[in-house]
Amino acid sequence: MNTLASPRIAFIGGGNMAQALMTGLQQRAFPMQQITVIDPDTGKHAQLQSALGVRTSQALSAEVLDAEIIVLAVKPQQLKLVAESLAPYLQSQLIISVAAGIRTSDLSRWLNDYKTLIRTMPNTPAQIQAGVTGVFALPGVSEVQRQLTDHVLQAVGDVVWLTEETQLDAVTAISGSGPAYVFLLIEALTDAGVALGLDKSQALQLSIATFKGASLLAAASSTPVATLREQVTSKGGTTEQGLLSLNQHHIHAIMQHAAQQAANRAKTLGDELGGQ
Ligand SMILES: NC(=O)C1=CN([C@@H]2O[C@H](COP(=O)(O)OP(=O)(O)OC[C@H]3O[C@@H](n4cnc5c(N)ncnc54)[C@H](OP(=O)(O)O)[C@@H]3O)[C@@H](O)[C@H]2O)C=CC1
Ligand SMILES: O=C(O)[C@@H]1CCC=N1
């Protein structure tokens, strides 16, 4: 089997983000029997096996960790313990962490100074191949391993390689957490539609279609986003009034503050958990 096309992957942690990545890979016809999920919660195993066609294991072992890639997909608070139990099994596997905040220097130390390490920040739209992942690699990662990572992550969306690890906290605040901001805005626009007399289902359909259409247009068009906004805003029309209200309520400051708070939390997670 071609290793670049279908590496063996071990996911440690089979929760939301791991499932989003695996669902995205499944949709791209990735050979799912190449994937093993290690998660102590055996209640999840049957569903992971039947829905995704992956193998499952309750615990780490040399057999399940005999893989080209090991993805660390546990919560940041669980990572130190997991990394320390993983360290004795490491030979040449590429470690990819998706954990928010945790720096490669700390993770590497917990892994007994292992340097074949990539830190990423994906997002859940990966499950429909519409994800975006920020990636930072340590110098110890080979060119072939970088290509392998790029290949796997490209299968579930866009990939942005970073030269500074600190940029990952910003990526976390923008695109890692970002889908939740967008879902909240969809909920808010839907509620506004209901307040104006629409059925909930109609308001939801209109809101989702609007976010989808505007995002697709912004992605497909070479026209600047600000110009696309102006093209909706007829002089003396309706949009002008809606935008006026959003600006009077400081929409830019609201988004900036939200992203800053998320980035601060990523840094705090790194400081507090990394110091262990
Ligand atoms: N959700 C998201 O949108 C994103 C999440 N991330 C990152 O992904 C990571 C996982 O987040 P998320 O998927 O949301 O969290 P979840 O809690 O959904 O998933 C974590 C999984 O790991 C399991 N787990 C706990 N301890 C161990 C262990 N010792 N060995 C193996 N598995 C274990 C948990 O089981 P149990 O529930 O029983 O504890 C759970 O199934 C985090 O570090 C987060 O920062 C990154 C980008 C986006
Ligand atoms: O909320 C979190 O901490 C994770 C990281 C980015 C998205 N979810």
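This report describes a predicted model of one protein with its ligands, from overall figures down to single residues.

Residues are numbered from 1 along each chain as its sequence is written, and chains are lettered from A and ligands numbered from 1 in the order in which they are written. Because the model is predicted, local features need pLDDT of at least 70 and side-chain atom pairs count only at pLDDT 80 or more, while totals for chains, interfaces and linings use all residues.

## Overall figures

The average pLDDT (the predictor's confidence in each residue, from 0 to 100) of the protein is 97, and 98% of the residues score at least 70. The model has an ipTM of 0.99 and a pTM of 0.96. The C-alpha trace spans about 70 × 40 × 35 Å along its principal axes. There are 11 helices and 8 strands in the protein; helices (H or I, at least four residues) and strands (E, at least two) are DSSP runs, numbered from the N terminus.

Of the 276 residues, 34% are buried. A residue is buried if 20 or more other C-beta atoms lie within 10 Å of its own, exposed if 12 or fewer, and partly exposed in between, with C-beta atoms placed from the backbone. Two residues are in contact if their C-beta atoms, placed from the backbone, lie within 7 Å. Among contacts with a separation of 6 or more, 67% are between residues 24 or more positions apart.

## Annotated regions

Two domain annotations come from an unreviewed UniProt entry, and the table sets them beside values computed from the model. UniProt positions are given in the numbering used here, feature names are shortened, and annotations may be inferred rather than shown by experiment.

| UniProt domain | Residues | Helix | Strand | Distance between end C-alpha atoms |
|---|---|---|---|---|
| Pyrroline-5-carboxylate reductase catalytic N-terminal | 8–101 | 33% | 20% | 26 Å |
| Pyrroline-5-carboxylate reductase dimerisation | 165–269 | 83% | 0% | 15 Å |

## Strands E1, E4 and E5

Strand E4 (69–72) pairs with E1 in the parallel sense over 4 bridges, and 4 bridges also join E4 to the parallel strand E5 (residues 94–97). Strands count as paired if DSSP finds at least two bridges between them. On the E1 side, Phe-11 stands opposite Val-71; on the E5 side, Ile-69 has Leu-94 as its bridge partner. Ile-69 and Val-71 point one way from E4, Ile-70 and Leu-72 point the other way, and all are buried.

## The annotated binding site

The unreviewed UniProt entry lists Ile-12, Gly-13, Gly-14, Gly-15, Asn-16, Met-17, Ala-73, Val-74, Lys-75 and Pro-76 under "binding site". These residues are spread over 65 residues of sequence but cluster in space, with a largest C-alpha distance of 14.0 Å.

Ile-12 is in strand E1 (residues 9–12) and counts as buried because it has 26 C-beta neighbours inside 10 Å. Not counting residues up to four places away in sequence, Ile-12 touches Ile-38, Ile-70, Val-71, Leu-72, Ala-73, Val-74, Val-82 and Leu-86.

Ala-73 lies in the loop between E4 and helix H3 (76–86). Ala-73 is buried because it has 28 C-beta neighbours inside 10 Å. Its contacts, with residues up to four places away in sequence left out, are Phe-11, Ile-12, Gly-13, Gly-15, Met-17, Ala-18 and Val-98.

## Ligand surroundings

A residue is near a molecule if its C-beta atom, placed from the backbone, lies within 6 Å of it. Around ligand 1 there are 25 residues, of which Gly-13, Gly-15, Met-17, Ala-99 and Ala-100 come nearest. Helix H1 (16–27) and H3 each supply at least two residues of this shell. By class, the shell around ligand 1 has 14 nonpolar, 8 polar and 3 charged residues. Here Ala, Val, Leu, Ile, Met, Phe, Trp, Tyr, Cys and Pro count as nonpolar, Asp, Glu, Lys and Arg as charged, and the others, Gly among them, as polar.

Ligand 2 is surrounded by Ala-100, Thr-172, Gly-176 and Ser-177. This shell divides into 1 nonpolar, 3 polar and no charged residues.

## Phe-136 and helix H10

Phe-136 is in strand E7 (residues 131–137) and is buried because 23 other C-beta atoms lie within 10 Å. Leaving aside neighbours within four places in sequence, Phe-136 is in contact with Arg-119, Leu-162, Glu-165 and Leu-168. Phe-136 and Leu-162 are 26 residues apart along the chain, and their C-alpha atoms are separated by 5.2 Å.

Helix H10 (residues 238–248) is hardly covered, with 0 buried residues among its 11 residues. His-250, which follows H10, has a positive phi, near 60°.
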